Amino acid sequence: MPVFDCDGADSLREAVVRPVDRWPTGYGRGTWPGFTDGLTDHLLTAEHPLVTLVLHGLDHVRDRDQDAVSTLLDLLAAAARWHLSFGRRLICLIETNDVERDLGVLGGEQPGWTRHEFRLVHRSAERLPPWITSWSHHQPITPSCR
């Protein structure tokens, strides 16, 4: 969902809610607590156990309202963890052009680039950190039936 034009909390919440057909009109659009209720009650259901949110342009919104973006991502992380208890999965992908972007702690976790994502961004092999290029600290895992 494109969020380039969002200028704060209200428009950011609306951008997330708008594409969800089963989200009741007016429900949780005006406040973060109401939005949180909607994430747990209407985003994922038994009939829709997997939802992937792709947030395009979140960097632009963060430059305008960092608190709204941080709150949104923290609530999405918490909702994803809550839904896992019921066998449902919420996957949130954030499109960014800034590989140095530090989102901080979200939902008690520190998100980061996977090796694959980092390689895709740094195809020229410039500035690859040691954890990408060095395998000396990795322990091989050998499956066993014992």
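1. Does R13 count as buried or exposed? R13 counts as buried, because its relative accessibility is 3% and the cut-off for buried is under 20%. The model is a predicted one, so this value and those below are computed from predicted coordinates.

2. Start with the overall layout. The chain has six helices and two strands. Read from the N terminus, the elements follow the order α-α-β-α-α-β-α-α. The chain has 146 residues, and 33% of them count as buried. Take the contacts between residues at least 6 apart in sequence: 52% of them join residues at least 24 apart. About 9400 Å² of the chain is exposed, with carbon and sulfur atoms supplying 53% of that area.

3. Back to R13. This residue sits in helix α1, which covers residues 9-17. R13 lies over the face of W32, and the distance to the ring centre is 4.6 Å. What else does R13 touch, leaving aside its neighbours within four places in sequence? R13 is in contact with G28, R29, G30, T31, W32 and F35.

4. Next, the aromatic residues. How many aromatic pairs does the structure hold? The structure holds three. One of them is W32 with F35: the ring centres are 5.6 Å apart and the planes stand at 85°, so this pair is edge-to-face. The cut-off for that class is over 60 degrees. Both residues belong to helix α2 (residues 32-43), where being three residues apart separates W32 and F35 by about one helical turn. W32 counts as buried, at 19% relative accessibility. F35 also counts as buried, at 0%.

5. W82 and F86 form another pair. Their ring centres are 4.7 Å apart and their planes are at 50°, so the pair is tilted. W82 counts as partly exposed because its relative accessibility is 36%. F86 is partly exposed too, with a relative accessible area of 49%.

6. There is also a cluster to note. W23, W32 and F35 are linked into a cluster by ring pairs. W32 is thus a residue to look at twice: W32 belongs to this cluster, and R13 lies over the face of W32.

7. Now helix α2 itself. Which residues of α2 are buried? They are W32, G34, F35, G38, L39, T40, H42 and L43. The cover over these buried residues includes α1, β1, α4 (66-84) and β2. At the start of α2, T31 makes a polar contact: a side-chain oxygen of T31 comes to within 3.1 Å of the backbone nitrogen of G34. T31 is also among the residues in contact with R13.

8. Last, the strands. Strand β1 spans residues 50-55. Its covered face carries V51, L53 and L55. Its uncovered face carries L50, T52 and V54. In a regular strand, side chains alternate between the two faces of the sheet. How many bridges join β1 to β2? Six bridges join them, and the two strands run parallel. Strand β2 covers residues 89-94. Within β2, L93 stands opposite V54, a residue of the uncovered face of β1.

Terms used: Residues are numbered from 1 along each chain as its sequence is written. This is a predicted model: local features need pLDDT of at least 70, side-chain atom pairs count only at pLDDT 80 or more; totals for chains, interfaces and linings use all residues. Side-chain values use heavy atoms; hydrogens and water are left out. Buried means under 20% relative accessible area, exposed over 50%, partly exposed in between (1.4 Å probe, protein chains only). Helices (H or I, at least four residues) and strands (E, at least two) are DSSP runs, numbered from the N terminus. Two strands pair if DSSP finds at least two bridges between them. Rings of Phe, Tyr and Trp (its six-membered ring) pair if their centres lie within 6.5 Å; planes under 30 degrees apart count as stacked, over 60 as edge-to-face and the rest as tilted. A charge sits over a ring if NZ of Lys or CZ of Arg is within 6 Å of the ring centre and within 35 degrees of the ring normal. Contact means heavy atoms within 4.5 Å. Accessible areas come from the Shrake-Rupley method with a 1.4 Å probe; for residues, only the protein chains shown count as cover. A polar contact is a pair of N or O atoms within 3.5 Å; within protein, one must be able to donate a hydrogen and the other to accept it, and residues adjacent in sequence count only if both atoms are side-chain atoms.
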